[in-house]
Amino acid sequence: MTKIKKRCIIHVMTSWCMGKIMKQNISKYELIKNRIEEKIISGVYKENDKIPSENELCQAYESSRITVRKALDELVTKGVLYRRQGLGTFVRPKESVSTDVKARKVLLVLPNYPELFSAGIVSDMISGIEKVLRKTELSLVTLLEPRNKEDSEKFVQSVRAIEPEGIIYSFYFNDILMNELKKLEIPLVFLDSEPDDNMFDIVTGEDFESAYRATNLAIMEGYTHIGFYSPWNEHFSTCALRCEGVKKALEDSKIKWISRQFKLCGAGAEYHDAIVKFDMVTDIKNYLLENPELEVLIAMNDSAAFAAYKAASELKIKIPEDLKMISYGDYNWSSFPLIGLTTYRQHFSRYGKEAMKLLLQRMQNKIPMLQQRRVVKYDLQRRKSF
């Protein structure tokens, strides 16, 4: 049989299996996990065989890297597979399951917010983490941040089952988890945002400073009516710092800031459930109608900026002629000519690299017991919106 025919048969069989499984409401990562186990049982993959790479599995199952990694992580946790840094993932010999040294793992908690995946933020962050991990014998396991109290209880159970030696918690939104995280008594590094009264290490960005600089830039160009919009409230640390940076720059220039020009919405501890039901475009339309004198809008992130573009268009407000805009994130599509969003590049790969380095230092007791803070600088990408 030719290689082309084999590939066609594999593709047809994979598509058929996926269709059948989807009808039974089995998630795609469970499908991938089950198929790999079936191939091990049937002898397609033998002991110590290297299984296909993550990229090859993504193509074979028409799935995302995050989904494939979750399937592989569960099989590693179960002792079905094992990883060799820089070489790949292999089938664990049966007789070694109970006698081998337990795999050493680091847990990455990912944001339960699809936009951060589609924007390329999560993949960049993981890339930075993996660059550091390749030099160690640790493997990376991922979990999605829980959405509510019930999910939080299951989340903590999953963390205990994984038994990680350290945790990187990215884009923290869930305040109800704090006490449970403390009980784990293992090193933890927050990435980007942090809870109130945070006792753990953190790698974050220059949120206050960058907002201050952006506001000063607008003031130097002659604008005085400068506002800030965020779909989150002050309990989200990066939101609070950016908002305060804008206000402080206005105060230092002796410009009185107007409270209605600073809109922080009400999504709190139950962030995920609230944000799904939130109509940001309508909210920004109301905000713009309440502030007709507004000259410059500093948006919390590119998603809020895109919603502001749509809201302004519906109100016949032209960007940048009638309203200038500055944002955060530099998402994949921010530089498209039709958008041309002026925004801060946050270097999420660097975030991941610094968080992993800091976590390793904490795990190895190479840094003082006092909380460590690492700050990543932002670079303003100036385009046509300002």
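**Close-up 1. Lysine charges placed over aromatic rings in the predicted model.** In this view of the predicted model, the charged end of Lys-70 is positioned over the ring of Tyr-29, at 4.3 Å from the centre of that ring. A second arrangement of this kind involves Lys-247, which lies over the face of Phe-262 with 5.4 Å to the ring centre.

**Close-up 2. The aromatic pair of Tyr-229 and Tyr-287.** The structure contains 18 aromatic pairs, and one of them joins Tyr-229 and Tyr-287, whose ring centres are 5.7 Å apart and whose planes meet at 55°, so the pair is classed as tilted. Tyr-229 belongs to strand 8 (residues 226-232), whereas Tyr-287 belongs to helix 12 (residues 280-290), and the pair therefore ties together parts separated by 58 residues in sequence. Tyr-229 has a relative accessibility of 1% and counts as buried, and Tyr-287, with a relative accessibility of 1%, likewise counts as buried; the cut-off for this class is a relative accessible area under 20%.

**Close-up 3. An aromatic cluster of phenylalanine and tyrosine residues.** Shown here is one aromatic cluster, which is formed by Phe-155, Tyr-169, Tyr-172, Phe-190 and Phe-200.

**Close-up 4. The largest cavity and the residues that line it.** The structure holds two cavities of 30 Å³ or more, and the largest cavity, the subject of this view, has a volume of about 140 Å³. Its lining is made up of 16 residues, of which Phe-171, Asp-192, Trp-232, Asn-301 and Tyr-331 are the closest to the cavity centre. Sorted by class, the residues lining the largest cavity comprise ten that are nonpolar, four that are polar and two that are charged.

**Close-up 5. Cys-239 and Cys-243, two cysteines without a bond between their sulfurs.** The structure holds zero disulfides, and for Cys-239, which takes part in none, the nearest cysteine sulfur is that of Cys-243, 6.4 Å away. Seen from the other residue, the closest cysteine sulfur to that of Cys-243 is the one in Cys-239, and the separation of 6.4 Å is too far for a bond, because a disulfide is counted when the two sulfur atoms are within 2.5 Å. Cys-239 is buried, with a relative accessible area of 0%, and Cys-243, at 3% relative accessibility, also counts as buried.

Note on methods. Residues numbered from 1 in each chain as written. Predicted model: local features only at pLDDT ≥ 70, side-chain atom pairs only at ≥ 80, totals over all residues. Heavy atoms only, no water. 1 Å grid on protein atoms, 1.4 Å probe; cavity = no way out; pocket = protein on both sides within 12 Å on 5 of 7 lines; lining within 4 Å. Points joined across faces, edges and corners; volume = space filled by probe spheres on them. Nonpolar A, V, L, I, M, F, W, Y, C, P; charged D, E, K, R; others polar. Phe/Tyr/Trp six-rings, centres within 6.5 Å; stacked < 30°, edge-to-face > 60°. Helix = DSSP H or I, 4+ residues; strand = E, 2+ residues; numbered from the N terminus. Buried < 20%, exposed > 50% of the residue type's maximum accessible area, 1.4 Å probe, protein only. Lys NZ or Arg CZ within 6 Å of the ring centre and 35° of its normal.
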